[in-house]
Amino acid sequence: AWAVSAWVAPEELTMYLVGLGLLVFLLLFFLQSFFQAQILDLRRLNDETKVIMSANSAHRLRVQGTEDVKELAQTINAFADRFQSVLDNQADQIRQGKVDLEEEKNRLAALMSELTEGVLVCNSEGRILLYNHRAKELLGQANHGWEENTVGGYVGLGRSVFGLIGRNTITQALEDLTYRRQKQRADLVSQFVTTATNGQLIR
């Protein structure tokens, strides 16, 4: 019987191993390049986009990487430019609104100062926004006939009107106005007579 076996020369074996090693190296290089381009670059774009949205709207993405990544970065930058433009327009509108509101407030304050009646302007929480000198005279604590330690508020910007006039009285007046508004009545005025916390009888 004859035994037959394959025999490879050492030179050929070395060539095969070198070729196999080169093939593995090229495969690893390709995988690394793919990971770098598709995973790391996309993660970078995601992180930088979050910076634009949350911390710095003026930040722009670096346009680098594969063609697809570059195109995506350019698209995001273009969107960021529009986003920044909208923010700037909103900021301008807010600034102009504050200027207009301050002008209206000054005109109203000037008008109120000429009135002989006391006037308080309050927000929905009862905080005083504007008042004239006559209101301060009527609702101030220094009134004759009352003890010096009388507990109450005083007229001032940001102060609560409920420290000057009883809460129940104002609440009832607001409920009356709400009812009139719901009925679409034109006389949206509620009148009442009460005693202020300083003892002054007021209408």
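This tour moves through a predicted model, from the whole chain to its helices, its nonpolar cores and its largest pocket.

**The whole chain**

Begin with the protein chain coloured by secondary structure. It holds four helices and four strands, and from the N terminus on these elements follow the order α-α-β-β-α-α-β-β. Of the 203 residues in the chain, 20% are buried. Among contacts between residues at least 6 apart in sequence, 43% join residues at least 24 apart.

**Helices α1 and α2**

Select helix α1, residues 10-54, and show the side chain of T49, which lies within it. T49 counts as buried because its relative accessibility is 18%, below the 20% cut-off. Which backbone oxygen does the side chain of T49 reach? That of L45, at 2.6 Å. Beyond residues up to four places away in sequence, T49 touches L61 and I76.

Keep L45 in view and add V69, which is placed in helix α2, residues 67-113. V69 and L45 are 24 residues apart along the chain, and their C-alpha atoms are separated by 8.4 Å. V69 has a relative accessibility of 2%, and therefore counts as buried.

**The nonpolar cores**

In soluble globular proteins, nonpolar side chains tend to be buried together. To view the largest nonpolar core of this model, select I128, L139, V155, V161, L164, I165, I170, A196 and I202, nine residues in all. Centre the view on A196: leaving aside its neighbours within four places in sequence, A196 is in contact with L139, L164 and I202. A second core, separate from this one, has seven residues, among them L45, I52, L61 and A73. Two of these names have already appeared on the tour: L45 supplies the backbone oxygen reached by T49, and L61 is touched by T49.

**The loop before α3**

Move next to N132, in the loop between β2 (residues 128-131) and α3. Is N132 buried or exposed? N132 is buried, because its relative accessible area is 4%, under the 20% limit. With neighbours within four places in sequence left aside, the contacts of N132 are M112, S113, L115, E117, G118 and V119. Displaying these residues together shows what surrounds N132.

**The largest pocket**

Keep G118 selected, and add L120, I165, S190 and F192; of the 28 residues lining the largest pocket, these five lie nearest its centre. The elements that give two or more residues to this lining are β1 (120-122), α3 (133-139) and α4 (167-182). Which element provides the largest share of the lining? Helix α4 does, with six residues. The pocket has a volume of about 1,100 Å³. Colouring the lining by residue type gives 18 nonpolar, seven polar and three charged residues. Two of the central residues link this view to earlier stops: I165 belongs to the largest nonpolar core, and G118 is in contact with N132.

**The loop after α4**

Finish at Q184, in the loop between α4 and β3 (residues 194-195). Q184 counts as exposed because its relative accessibility is 73%, over the 50% cut-off. Its backbone also merits a look. Most residues other than glycine have a negative phi. The phi of Q184, however, is positive, near 55°.

How values were computed: Residues numbered from 1 in each chain as written. Predicted model: local features only at pLDDT ≥ 70, side-chain atom pairs only at ≥ 80, totals over all residues. Heavy atoms only, no water. 1 Å grid on protein atoms, 1.4 Å probe; cavity = no way out; pocket = protein on both sides within 12 Å on 5 of 7 lines; lining within 4 Å. Points joined across faces, edges and corners; volume = space filled by probe spheres on them. Nonpolar A, V, L, I, M, F, W, Y, C, P; charged D, E, K, R; others polar. Buried < 20%, exposed > 50% of the residue type's maximum accessible area, 1.4 Å probe, protein only. Polar contact = N/O pair within 3.5 Å; in protein donor to acceptor, adjacent residues only side chain to side chain. Contact = heavy atoms within 4.5 Å. Core = buried A, V, L, I, M, F, W, Y, C linked by side-chain atoms within 4.5 Å.
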